[in-house]
Amino acid sequence: MIRIAIANQKGGVGKTTTAINVATALAATGWKTLLIDIDPQGNASTGIGVGASERGASSYDVLVDKVPVSQCVMPTRIPNLDLLPATVDLSGAEVELVSADDRAHRLQRTLTPDLGYDVCLIDCPPSLGLLTLNALNAADTLLVPLQCEFFALEGLSQLLQTVERVQQRFNPDLGIIGIALTMYDRRNRLTEQVSDDVRSVLGKLVFETVIPRNVRLSEAPSHGVPALIYDHACAGSRAYMALARELITRLPEKRKAA
Ligand SMILES: Nc1ncnc2c1ncn2[C@@H]1O[C@H](COP(=O)(O)OP(=O)(O)OP(=O)(O)O)[C@@H](O)[C@H]1O
Ligand SMILES: [Mg+2]
């Protein structure tokens, strides 16, 4: 199982939209996929069609009460795609865990290969706190959605410093599979300028695929389905399918053959 954290401490940059649609694209290629929601907002859970009242056990139980992931996952309406949902309880988890020695490793401990998934995507909250730290410690690699706007690079350097600290202290093998430019608007000159800057600084780390600003992507969550299902032919869905393909080419050889 390859474990991919989707993180950026900046809010509203497209983490959840990326998690939902890449997870759906990977599931559609036949990969057994687990989407983990560790954001108390629970947007990934809602967006995949699991309303608050349908959520039983959740990532709170895994992180705070050490319930194994296998006992908390639930199927979604999408074949090959399971969900570990998040509930609002999770907003108290950072405080509840503050004196636990293993507080940064609760997710890592339970994300074992015997769960039977090919890939697991972890949708992180917009912070670099304990929840995101749990994801970075549990992950093999990180996917960073980056919105093409003025402060994007500043936030990114803070994130990359955190990744370095995690590599030094906890998870030396943590990689960065790529940075995905989101909400790309060709008509906006700033978008292109930021995109050029990001590519000149980070080179091949940036995925070639860019995710356009697309209204269908923002409409889909209110219908409780991924954009890929809501409108598979829209520009946003096509971009996410391309991103998933590019992601697969960047995975280790063994996984690609799955
Ligand atoms: N490419 C896009 N085009 C248009 N709207 C988008 C696009 N990507 C995301 N959105 C919308 O922008 C908002 C923020 O996106 P999303 O929830 O994916 O970001 P996030 O980084 O997960 O936010 P948070 O930090 O709050 O978790 C949502 O309303 C979403 O529907
Ligand atoms: Mg989100």
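A salt bridge here is a side-chain nitrogen of Lys or Arg within 4 Å of a carboxyl oxygen of Asp or Glu. Keep that in mind for the second half of the tour.

This is a predicted model, where local features need pLDDT of at least 70, side-chain atom pairs count only at pLDDT 80 or more, and totals for chains, interfaces and linings use all residues. Residues are numbered from 1 along each chain as its sequence is written, chains are lettered from A and ligands numbered from 1 in the order in which they are written, and side-chain values use heavy atoms, with hydrogens and water left out.

**Stop 1: the sheet**

Switch to cartoon and pick out the strands. Helices (H or I, at least four residues) and strands (E, at least two) are DSSP runs, numbered from the N terminus. You should find an open sheet of 8 strands with mixed pairing, in the order S3-S4-S2-S5-S1-S6-S7-S8. Strands S3 (74-75) and S8 (206-212) are the edges, each pairing on one side only. Two strands count as paired if DSSP finds at least two bridges between them.

Now select 119-123, strand S5. How many of its residues are buried? The count is 5 of the 5, so S5 is largely enclosed by the rest of the structure. Buried means under 20% relative accessible area, exposed over 50%, and partly exposed in between (1.4 Å probe, protein chains only). Flip the strand over and you see cover on both faces: Val119, Leu121 and Asp123 are buried on one side, Cys120 and Ile122 on the other.

Add the neighbours of S5. Strand S1 (residues 2-6) runs parallel to S5 and is joined to it by 5 bridges; strand S2 (residues 33-37) is also parallel to S5, again with 5 bridges. Click Leu121 and look both ways: Ile4 stands opposite it, and Leu121 is also the bridge partner of Leu35. From Ile4, carry on to Thr141, which it faces in S6. That strand (residues 141-147) pairs with S1 in the parallel sense over 3 bridges.

**Stop 2: ligand 1**

Select ligand 1 and expand the selection to its surroundings. A residue counts as near if one of its heavy atoms lies within 4 Å. There are 18 residues around the ligand, and Lys15, Thr16, Thr17, Pro212 and Asn214 come nearest.

Next, draw some polar contacts (pairs of N or O atoms within 3.5 Å; within protein, one must be able to donate a hydrogen and the other to accept it, and residues adjacent in sequence count only if both atoms are side-chain atoms). Try these three:

- Thr17: a polar side-chain atom sits 2.5 Å from a ligand 1 oxygen.
- Gly14: a polar backbone atom is 3.0 Å from an oxygen of ligand 1.
- Gln41: an N or O atom of the side chain is 3.1 Å from an oxygen of ligand 1.

**Stop 3: a buried aspartate**

Go to Asp61, in helix H3 (residues 59-65). Where is the nearest side chain of opposite charge? It belongs to Arg106, 11 Å away, and Asp61 is buried without a salt bridge. For charge, Lys and Arg count as positive and Asp and Glu as negative, while His and the chain ends are not counted. What Asp61 does have is a polar side-chain atom 2.8 Å from the backbone nitrogen of Ser58. Leaving aside residues up to four places away in sequence, it touches Gly56, Lys66, Val67 and Cys72, where contact means heavy atoms within 4.5 Å.

**Stop 4: salt bridges**

The whole structure holds 9 of them. Start with Lys66 and Asp102, whose side chains meet at 3.1 Å, N to O. Lys66 lies in the loop between H3 and S3, and Asp102 in the loop between helix H4 (93-96) and helix H5 (106-110), so the pair ties together parts 36 residues apart in sequence. Asp102 is buried at 14% relative accessible area, whereas Lys66 is partly exposed at 45%. Asp102 also bridges to Arg109 at 2.9 Å, N to O. Show Arg106 too: Lys66, Asp102, Arg106 and Arg109 are linked in a network of salt bridges.

Then jump to Asp231 and Arg216, which form a salt bridge at 3.0 Å, N to O. Asp231 is in the loop between helix H10 (227-230) and helix H11 (235-250) and Arg216 in helix H9 (residues 215-219), so parts 15 residues apart in sequence are tied together.

**Stop 5: two positive phi values**

Most residues other than glycine have a negative phi. Select Asn80, in the loop between S3 and strand S4 (81-84), and you find a phi near 70°. Finish at Met183 in strand S7 (residues 175-184), with a positive phi of about 50°.
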